[in-house]
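Student: Hi! I've just opened this one and don't know my way around yet. Could you walk me through it?
Tutor: Happy to, so let's put it on screen and start with a single residue.

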Amino acid sequence: MKNSKFKIYIFAICILQLAFSLSSCGYRLIGSGLLPFNSVTIKPVQNRTYEPRLEERLHNALAKEFINQGIEVRASGGDIGLEPVITAFQLGAIGAIDNEVKEQSIIMNVDIKLTDRGKITEFKAMESPIKITFQSTGTVTESVARKETATDKACREIAKEIVGRIILTYAK
């Protein structure tokens with residue numbers, strides 16, 4: 001009992017010391033409170049690929065990521081506007097046995113046009129920072145389900161990359 005209280009006490013002191021050290025060195029945590037905008041309007045996503053429903057998935061992923069960062073998502077009238085365009089969606093075989101594809105990767109590129117008080121900033125060919133793969137073995141239904149799950153993951157990762165790039169643009 002005494003030993004666990006002592007460990008908690010030491011842990012609390014270490015956390016406080018870390019907080020004081022960071023604040024005294026001039027470091028500060030970047031968050032949505034330091035941004036010059038509080039809300040965003042995500043315009044309808046344009047899908048220039050043949051893959052159906054990507055626009056819905058990317059829009060939902062972007063909205064969730066902005067909300068996770070404490071930024072309000074509005075249907076119209078946001079402080080900044082975002083126009084996403086999906087320019088590429090490709091499946092690539094990365095593993096095959098006896099001429100049968102066992103694992104595939106998803107490559108997805110998104111162009112972003114950010115509008116802030118008349119100033120336009122563009123980010124071209126945004127993609128997931130990690131390789132998104134899925135197994136394409138088993139029944140057709142199982143393979144399609146895994147592809148759908150991987151596609152959702154690709155949209156989430158790209159949304160994180162986009163929101164992070166926007167925050168870093170304003171943090172400079």
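Student: Which residues does K153 touch, not counting residues up to four places away in sequence?
Tutor: K153 touches I130 and I132, where contact means heavy atoms within 4.5 Å. A word on the model: it is predicted, so local features need pLDDT of at least 70 and side-chain atom pairs count only at pLDDT 80 or more, while totals for chains, interfaces and linings use all residues. Residues are numbered from 1 along each chain as its sequence is written, and side-chain values use heavy atoms, with hydrogens and water left out.

Student: Okay, and where is K153 found?
Tutor: K153 is in helix 3, residues 140-171. Helices (H or I, at least four residues) and strands (E, at least two) are DSSP runs, numbered from the N terminus.

Student: How far apart are K153 and T133 in space?
Tutor: They are 9.6 Å apart, C-alpha to C-alpha, with their positions 20 residues apart in sequence.

Student: Is K153 buried or exposed?
Tutor: In between: K153 is partly exposed, because its relative accessible area is 35%. Buried means under 20% relative accessible area, exposed over 50%, and partly exposed in between (1.4 Å probe, protein chains only).

Student: Let's switch to Q104. Buried or exposed?
Tutor: Q104 has a relative accessible area of 18%, so Q104 is buried. Its place is in strand 5, residues 100-116.

Student: What is Q104 in contact with?
Tutor: Leaving aside neighbours within four places in sequence, the contacts of Q104 include L91, G92, I132 and T133.

Student: New topic. How many aromatic pairs does a search of the whole structure find?
Tutor: The search finds one. That pair is F37 and Y170, with ring centres 5.0 Å apart and planes at 65°, so the pair is edge-to-face. For the cut-offs, rings of Phe, Tyr and Trp (its six-membered ring) pair if their centres lie within 6.5 Å; planes under 30 degrees apart count as stacked, over 60 as edge-to-face and the rest as tilted.

Student: Which parts does the pair tie together?
Tutor: F37 lies in the loop between helix 1 (2-24) and strand 1 (39-42) and Y170 in helix 3, so the pair joins parts 133 residues apart in sequence. F37 is also buried, with a relative accessible area of 2%.

Student: And the whole chain: how many helices and strands?
Tutor: The protein chain has three helices and seven strands, and along the sequence they follow the pattern α-β-β-α-β-β-β-β-β-α. Of its 172 residues, 33% count as buried.
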